[in-house]
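Please look at the sequence and the 3D structure shown here before reading on. The report after them treats a few chosen places in turn.

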Amino acid sequence: MDHFLYRDGALHAEDVAIAEIAASVGTPFYVYSTATLTRHYKLFEEALSPLPHLICFAMKSCGNLSVVKTLGALGAGVDVVSVGEYLKAKAAGVPGERIVFSGVGKTRDEMRIALEGGIRQFNVESEPELFALSEVASSMGLTAPITIRVNPDVDAKTHEKIATGKKENKFGIPISRAREVYAEAARLKGIDVVGIDVHIGSQLVDLVPFEEAYLKVAELTRQLRADGHDIRRLDLGGGLGIPYERSNAAPPLPLDYGAVIKRTVGDLGCELEIEPGRLISGNAGLLVSKVIYVKSGEERDFLILDAAMNDLIRPSMYGAHHDIVPVVEPAPATLPQPYDIVGPVCETGDTFAKQRALPPMRAGDLVAFRSAGAYGAVMASEYNMRPLVPEVMVHGDQFAVIRARPTYDEMINRDSMAPWL
Ligand SMILES: *Cc1c(COP(=O)(O)O)cnc(C)c1O
């Protein structure tokens, strides 16, 4: 459920008409609903209660300061994958003890900054990283709390670019080698082993891979405890999928996912962490765009939008589907017609949808891409010298620009002329 509904024939974000934001901010723009973000966060809270837990929002899915602050104020932790995200999470008011640091390529500089600023744990992904962290922490006279990310070799049955838990993926250490690596970690200076981490992929619409992975983690917990490690925290990653197509069967709910967690690892006495990104932010955001031209081709009609692949890359990168809806609700008897919906960028890949049914559209009409809150704005670029798409947040009947569209002068002046020119 989200808070983007038609009221009196006009699409709203909570109590604000999308057309009103468009008139004020211009198009294209992203808009996020505070109520939807809050609702999704609370679904996970309910799903894991009463077990001790921390929900660490994966901010790589949607990293705006206002989004992170909204969730942080509800008590969320944050999962970061770079020191840039770490610093932004701190700037949003999230304390270090609620930030977990994931990622396969943490540099020594990143480790140093996170150790100085305070960190809940590093999710270590390899032995070289473990050795580097030991050196950095002990040279600072500090101890780094860590989990080790294990790769459970399960098939997440998701898009190959976002599956991370098979043995051929670059993530974590093979679970078969875990005991050996934990033994090594326990001997290192500056390292405090606190638990185990696993994350098997993104946009999972089946609970079976989670169940398989978490059973393996439970078994490993028992083994490692028998080996003498104090395993007191399990980080179970993110990855629960969302409904991108309203016409498809709904994916499992956080409550069902919580039941799998309780059933597999709930009796180990561990503090649990999860790292949902997409399920919190995905359906909490729209990308709103305007039709520039309706172009009639020989075989098909094109809707040429003012949003492009640089603003929302998921369709061209993953072949992803986004429902696209008119901002003015069509009258009940309107006959839909098929359009190819494209952006203005000079690549054929700049196609959002083919032969998509919409009511007859005209230049100047607004459309909204649903489920665009995750991996939308954060993956945007300025390709084709198109200004970075702005972000807006709605809260009840208020809205605010939370990242402004840059001016062309700002964009041009970010470059500097080489002195010999
Ligand atoms: C991307 C990522 C997540 C979030 O994945 P979602 O599919 O957005 O829930 C969580 N943990 C790690 C380590 C990730 O890389």
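What follows describes an annotated lysine, a glutamine with its polar contacts, and some aromatic rings, all in a predicted model.

**The annotated lysine.** According to an unreviewed UniProt entry, K60 carries the annotation "modified residue: N6-(pyridoxal phosphate)lysine". In the model, K60 lies in the loop between β5 (53-58) and α3 (65-73). Because its relative accessibility is 36%, which falls between the limits of 20% for buried and 50% for exposed, K60 counts as partly exposed. When residues up to four places away in sequence are set aside, K60 touches V81, E85, Y375 and V378.

**A glutamine in a strand.** Q121 belongs to strand β8, which covers residues 121-124, and with a relative accessibility of 0% Q121 counts as buried. Beyond its neighbours within four places in sequence, Q121 is in contact with several residues, among them I99, F101, P145 and D235. The contacts of Q121 also include R233 and E273, and the side chain of Q121 makes a polar contact with the side chain of each, as the table shows.

| Side chain | Partner side chain | Distance |
|---|---|---|
| Q121 | R233 | 2.9 Å |
| Q121 | E273 | 2.8 Å |

**Aromatic rings.** The count of aromatic pairs in the model comes to 7. One pair is formed by Y30 and Y32, which are stacked, with 6.5 Å from centre to centre and 20° between the planes; both of these residues, Y30 and Y32, are buried. Elsewhere in the sequence, F44, F210, Y214 and Y257 form one aromatic cluster.

Notes. Residues numbered from 1 in each chain as written. Predicted model: local features only at pLDDT ≥ 70, side-chain atom pairs only at ≥ 80, totals over all residues. Heavy atoms only, no water. UniProt positions renumbered as here; feature names shortened; annotations may be inferred. Helix = DSSP H or I, 4+ residues; strand = E, 2+ residues; numbered from the N terminus. Buried < 20%, exposed > 50% of the residue type's maximum accessible area, 1.4 Å probe, protein only. Contact = heavy atoms within 4.5 Å. Polar contact = N/O pair within 3.5 Å; in protein donor to acceptor, adjacent residues only side chain to side chain. Phe/Tyr/Trp six-rings, centres within 6.5 Å; stacked < 30°, edge-to-face > 60°.
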